[in-house]
Amino acid sequence: MPGATRTIVINAPVEKVFDVITQYDRYPEFLPEVKEIRTANREGNTVVIHYKVEVMKTVRYSIRVTEERPRRMSWTFIEGEVMKDNKGSWVLEPEGEGKTRATYNVEMALGLLVPKAVVNALVDTSLPKMLDAFKRRAEAL
């Protein structure tokens, strides 16, 4: 399954970065591709998240997230359009002086009709933009 791992350093403490990552309903405020987001079925540290995103076309999908405050958030795929699988994680490590080393990992399988070039574009272009948006958001709060 195609995947990618990227690491960035954010000038904010781990707890603040974790809060930004797990405030799912705020994503449309700083992630322009997220058009709608809805959380459901929260039980302890797990929650189901329903997304509607605009990435070359509108796509809806649902994931189950497990939060391990304040160092890790991971997800597994439930269902979606175009996607066959989507799993990944954020791992946060203190970097000293109130900074956080944030590592984002994603593995995604899209349907047979989705060209490999589209998958590569998502990883090569969209992923760095998304990470930068999280960095700016955490540093601004």
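A polar contact is a pair of N or O atoms within 3.5 Å, where within protein one atom must be able to donate a hydrogen and the other to accept it. Keep that definition at hand for the first stop of this tour, and bear in mind throughout that the model on your screen is predicted.

**First stop: Arg137**

Begin by selecting Arg137, which you will find in helix α3, and then add Glu29 to the selection, since a polar contact of 2.7 Å joins the side chains of Arg137 and Glu29. Is Arg137 buried or exposed? With a relative accessibility of 16%, Arg137 counts as buried, because the cut-off for that class is under 20%. If you now show the surroundings of Arg137 and set aside its neighbours within four places in sequence, the residues in contact with it are Val20, Arg26, Glu29 and Phe30.

**Second stop: Arg26 and Glu29**

Keep Glu29 selected and add Arg26, whose side chain meets that of Glu29 in a salt bridge with an N to O distance of 2.8 Å. Arg26 is partly exposed at 35% relative accessibility, and Glu29 is likewise classed as partly exposed, with a relative accessible area of 49%. With Arg137 still in view, you have a network of salt bridges that links Arg26, Glu29 and Arg137.

**Third stop: the rings around Phe134**

Next, turn from charged side chains to aromatic rings, of which a search of the whole structure finds 8 pairs. Select Tyr27 and Phe134, which form an edge-to-face pair, with 5.3 Å from centre to centre and 90 degrees between the planes. This pair links distant parts of the chain, for Tyr27 belongs to helix α2 (residues 27-30) and Phe134 to helix α3, 107 residues apart. Tyr27 counts as buried at 4% relative accessibility, and Phe134 is also buried, with a relative accessible area of 4%.

Now add Phe30 while leaving Phe134 selected: the ring centres of Phe30 and Phe134 lie 5.1 Å apart and their planes stand at 85 degrees, so this pair too is edge-to-face. Here again distant parts of the chain are linked, with Phe30 in helix α2 and Phe134 in helix α3, 104 residues apart. Both Phe30 and Phe134 are buried.

Which residues complete the aromatic cluster here? To see it whole, select Tyr24, Tyr27, Phe30, Trp75, Trp90, Tyr104 and Phe134, which together form one aromatic cluster.

**Fourth stop: Glu139 and Lys135**

Return to helix α3 (residues 116-140) and select Glu139 and Lys135, which both lie in it, 4 residues apart, or about one turn of the helix. Their side chains meet in a salt bridge, with 2.8 Å from N to O. Glu139 is partly exposed at 31% relative accessibility, and Lys135 counts as partly exposed at 21%.

**Last stop: Glu67 and Arg42**

Finally, move to the strands and select Glu67 together with Arg42, whose side chains meet in a salt bridge of 3.1 Å, N to O. This pair links distant parts of the chain, with Glu67 in strand β4 (residues 57-68) and Arg42 in strand β2 (residues 34-43), 25 residues apart. How does each partner stand in terms of exposure, buried or partly exposed? Glu67 counts as buried at 12% relative accessibility, whereas Arg42 is partly exposed, with a relative accessible area of 45%. Should you wish to continue on your own, the structure holds 9 salt bridges, including the one between Glu67 and Arg42.

Notes. Residues numbered from 1 in each chain as written. Predicted model: local features only at pLDDT ≥ 70, side-chain atom pairs only at ≥ 80, totals over all residues. Heavy atoms only, no water. Salt bridge = Lys/Arg side-chain N within 4 Å of Asp/Glu carboxyl O. Buried < 20%, exposed > 50% of the residue type's maximum accessible area, 1.4 Å probe, protein only. Helix = DSSP H or I, 4+ residues; strand = E, 2+ residues; numbered from the N terminus. Phe/Tyr/Trp six-rings, centres within 6.5 Å; stacked < 30°, edge-to-face > 60°. Contact = heavy atoms within 4.5 Å.
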